[in-house]
Amino acid sequence: MQRIHARSTVSISELKKNPTSIITNAHGEPVAILNHNRPTAYLVPAAVFEAMMEQLDDLELARLVKERQSEASVKVQLDEL
């Protein structure tokens with residue numbers, strides 16, 4: 001059985017009937033959208049999605065920093081930039 005990463009779930013049929021109600025009743029929490037009792041998508045508030053994307057960007061930047069730490073540094077003057 002596939003793990004569901006949300007406290008509440010709704011079927012795609014329920015979501016189609018009244019999406020506003022699903023969002024309101026979620027109270028800012030993620031909702032797993034099920035198709036034949038299997039999670040196919042997650043409905044998350046816009047602020048949560050935006051925060052997740054920011055965190056992914058930060059992780060990518062941290063990976064790049066670690067990757068480039070061993071590279072030789074190049075000295076430049078501020079006026080050269």
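## A walk through the fold

Strand E2, residues 31–35, is mostly covered, with four of its five residues buried. This is a predicted model, so keep that in mind as you read. E2 makes a good starting place for the tour.

Look at the partners of E2. On one side is strand E1, made of residues 8–11. Four bridges join E1 to E2, and the two strands run parallel. To see the pairing, find Thr-9, which stands opposite Ala-32 in E2. The other partner is strand E3, residues 38–43. Here five bridges do the joining, and E2 and E3 run antiparallel. Val-31 stands opposite Leu-43 in E3. E2 therefore pairs with both E1 and E3, since two strands count as paired when at least two bridges are found between them.

How many residues lie between E2 and E3 in their hairpin? There are two. Start with His-36, which lies in the loop between E2 and E3. His-36 has a positive phi of about 55°, although it is not a glycine. Asn-37 is found in the loop between E2 and E3 as well. Asn-37 has a positive phi too, about 65°, and again it is not a glycine. Are these turn residues buried or exposed? His-36 has a relative accessible area of 72%, so it is exposed. Asn-37 is exposed as well, because its relative accessible area is 67%. The cut-off for "exposed" is over 50%. Contrast this turn with strand E2, where four of the five residues are buried.

Now turn to the nonpolar core. Which residues make up the largest one? They are Val-10, Ile-22, Ala-26, Val-31 and Ile-33, five residues in all. Helix H2, residues 19–26, supplies at least two residues of this core, and E2 also supplies at least two. Pick out Ile-22 and follow its contacts. Leaving aside residues up to four places away in sequence, Ile-22 touches Val-10, Glu-14, Leu-15, Val-31 and Leu-43. Two of these names, Val-10 and Val-31, also belong to the core. Leu-43 has come up before, as the residue in E3 opposite Val-31.

Next come the charged pairs. How many salt bridges are there? The count comes to three. One of them joins Arg-7 and Glu-29, with the closest N and O atoms 3.9 Å apart. This pair links distant parts of the chain, 22 residues apart. Arg-7 sits in the segment before E1, while Glu-29 sits in the loop between H2 and E2. The pair still counts as a salt bridge, because the cut-off is 4 Å. Arg-7 has a relative accessibility of 78%, so it counts as exposed. Glu-29 is at 37%, so it counts as partly exposed.

Move on to helix H3, residues 46–68. Arg-63 forms a salt bridge with Glu-60, and their closest N and O atoms are 2.6 Å apart. Why are Arg-63 and Glu-60 separated by about one helical turn? Because they are three residues apart in helix H3. Glu-67 also forms a salt bridge with Arg-63, the closest N and O atoms being 2.7 Å apart. Glu-67 and Arg-63 both lie in helix H3, four residues apart, which is about one turn of the helix. These salt bridges share partners, joining Glu-60, Arg-63 and Glu-67 into one network. How covered are the three members? Glu-60 is partly exposed, with a relative accessible area of 35%. Arg-63 counts as partly exposed at 39%. Glu-67 counts as partly exposed at 45%.

Finish on the surface. A nonpolar patch of about 540 Å² is found there. Which residues make it? They are Val-48, Phe-49, Met-52, Met-53, Leu-56 and Leu-59. Take Phe-49 as an example. Phe-49 lies in helix H3. Its relative accessible area is 44%, so Phe-49 is partly exposed. A residue can join a patch if its relative accessible area is over 30%. Phe-49, at 44%, is therefore open enough to belong.

Look back over the route. Strand E2 is mostly covered, and it pairs with E1 in parallel and with E3 in antiparallel fashion. The turn between E2 and E3 holds His-36, with its positive phi. Helix H3 carries the network of Glu-60, Arg-63 and Glu-67, and Phe-49 of the nonpolar patch lies in H3 too.

Definitions and conventions
Residues numbered from 1 in each chain as written. Predicted model: local features only at pLDDT ≥ 70, side-chain atom pairs only at ≥ 80, totals over all residues. Heavy atoms only, no water. Patch = residues over 30% accessible without salt bridge, like charges linked within 9 Å, V, L, I, M, F, W, Y side chains within 5 Å. Areas by Shrake-Rupley, 256 points an atom, 1.4 Å probe, with all protein chains shown as cover. Salt bridge = Lys/Arg side-chain N within 4 Å of Asp/Glu carboxyl O. Buried < 20%, exposed > 50% of the residue type's maximum accessible area, 1.4 Å probe, protein only. Core = buried A, V, L, I, M, F, W, Y, C linked by side-chain atoms within 4.5 Å. Contact = heavy atoms within 4.5 Å.
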